[in-house]
Amino acid sequence: MGKIDAMTNQNDIVTDENRIKTFRWLFCASVFQLLVCLIFPVIIFPTQVLLYLELLNFLTVGLLFGLYLLGVSIYGVFIDKSKRPVYIVMISFISAWTIWVIITWLYIEHMTYLN
């Protein structure tokens, strides 16, 4: 009976390690998505309108990718304990970004950098 318990315990450890490795790939993919979303306009559009496009990107589409990364990071806090500080920093950054977006959209007519 002890041998079966040891094998079951070893299988659980391998399953947890595989879950963590899979999650880390998901996290890296979502960070890559966000970076591509924010860098893509820099490559495509001319510099005269780049600032305005980046601001709109940060306020709209970029936030969607950021919220996805926020969800992935929250999940990471619970599943990957060894990299928890990385996920907490991402959660803090994206939460501040979301608050900035909400305040900007509430007072958008008063924001001088969007005129």
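## Helix α4 and its buried residues

In this predicted model, helix α4 has a set of buried residues: Tyr87, Met90, Ile94, Trp97, Thr98, Val101 and Thr104. Several of these names return below, in the contacts with other helices.

The helix covers residues 84-106. Its 23 residues should span 33 Å at 1.5 Å a residue. The end C-alpha atoms are 33 Å apart, so the span agrees with that expectation.

## The chain as a whole

The protein chain has four helices and zero strands. From the N terminus on, the order is α-α-α-α. Helix α1 takes in residues 2-44, and helix α2 takes in residues 47-59. Helix α3 runs over 61-79, and a loop lies between α3 and α4.

The protein chain has 115 residues, and 27% of them count as buried. Now take the contacts with a separation of 6 or more. Residues 24 or more positions apart account for 68% of these.

## Helix α3

Helix α3 has 19 residues. From its first C-alpha to its last it reaches 28 Å, close to the expected 27 Å. Its buried residues are Gly62, Leu63, Gly66, Leu69, Leu70, Val72, Ser73, Gly76, Val77 and Ile79.

Ser73 is one of the buried residues of α3. Its relative accessibility is 0%, so Ser73 counts as buried, the cut-off being under 20%. Which residues does Ser73 touch, leaving aside its neighbours within four places in sequence? They are Phe27, Tyr87, Met90 and Ile91. Two of these partners, Tyr87 and Met90, are themselves buried in α4.

## How α2 packs

Helix α2 meets α3 with axes that come within 3 Å. The axes cross at roughly 40°. That angle makes α2 oblique to α3. On the α2 side, the contact is made by Leu56, Asn57, Phe58 and Leu59. On the α3 side, Val61, Gly62 and Leu63 take part. Gly62 and Leu63 are among the buried residues of α3.

Helix α2 also packs against α4, at an angle of about 110° and with the axes 10 Å apart. The two helices are therefore roughly perpendicular to each other. Leu55, Phe58 and Leu59 supply the α2 side. They meet Trp97, Trp100, Val101, Thr104 and Trp105 in α4. Trp97, Val101 and Thr104 are among the buried residues of α4. Phe58 and Leu59 of α2 also appear in the contact with α3.

## Phe23 in α1

Phe23 lies in helix α1. Its relative accessibility is 3%, so Phe23 counts as buried. Beyond its neighbours within four places in sequence, Phe23 is in contact with Val72, Tyr75, Gly76, Ile79, Asp80 and Tyr87. Of these partners, Val72, Gly76 and Ile79 are buried residues of α3. Tyr87 is a buried residue of α4.

One pair shows how the chain folds back. Phe23 and Tyr75 are 52 residues apart along the chain, yet their C-alpha atoms are separated by 8.9 Å.

## Two salt bridges

How many salt bridges does the model contain? The count comes to two. One joins Asp16 and Arg19, whose closest N and O atoms are 3.4 Å apart. Both residues lie in helix α1, three residues apart, about one turn of the helix. In general, an α-helix has 3.6 residues a turn, so residues three or four places apart point the same way. Asp16 is partly exposed, with a relative accessible area of 40%. Arg19 is also partly exposed, at 40% relative accessibility.

The other joins Arg24 and Asp80, with the closest N and O atoms 2.8 Å apart. This pair links distant parts of the chain, 56 residues apart. Arg24 is in helix α1, and Asp80 is in the loop between α3 and α4. Arg24 is partly exposed, with a relative accessible area of 30%.

## Asp80 in the loop

Is Asp80 buried or exposed? At 1% relative accessibility, Asp80 counts as buried. Its side chain makes a polar contact with the side chain of Ser82, at 3.1 Å. Not counting residues up to four places away in sequence, Asp80 touches Ile20, Phe23, Arg24 and Tyr87. Among these, Arg24 is its salt-bridge partner. Phe23 and Tyr87 are also in contact with each other.

How values were computed:
Residues are numbered from 1 along each chain as its sequence is written. This is a predicted model: local features need pLDDT of at least 70, side-chain atom pairs count only at pLDDT 80 or more; totals for chains, interfaces and linings use all residues. Side-chain values use heavy atoms; hydrogens and water are left out. A salt bridge is a side-chain nitrogen of Lys or Arg within 4 Å of a carboxyl oxygen of Asp or Glu. Buried means under 20% relative accessible area, exposed over 50%, partly exposed in between (1.4 Å probe, protein chains only). The expected span of a helix is 1.5 Å times one less than its number of residues. A polar contact is a pair of N or O atoms within 3.5 Å; within protein, one must be able to donate a hydrogen and the other to accept it, and residues adjacent in sequence count only if both atoms are side-chain atoms. Contact means heavy atoms within 4.5 Å. Axes are lines fitted to C-alpha atoms, for helices over the stretch in contact, and angles run from 0 to 180 degrees between N-to-C directions. Angles under 35 degrees count as roughly parallel, over 145 as roughly antiparallel, 65 to 115 as roughly perpendicular and the rest as oblique.
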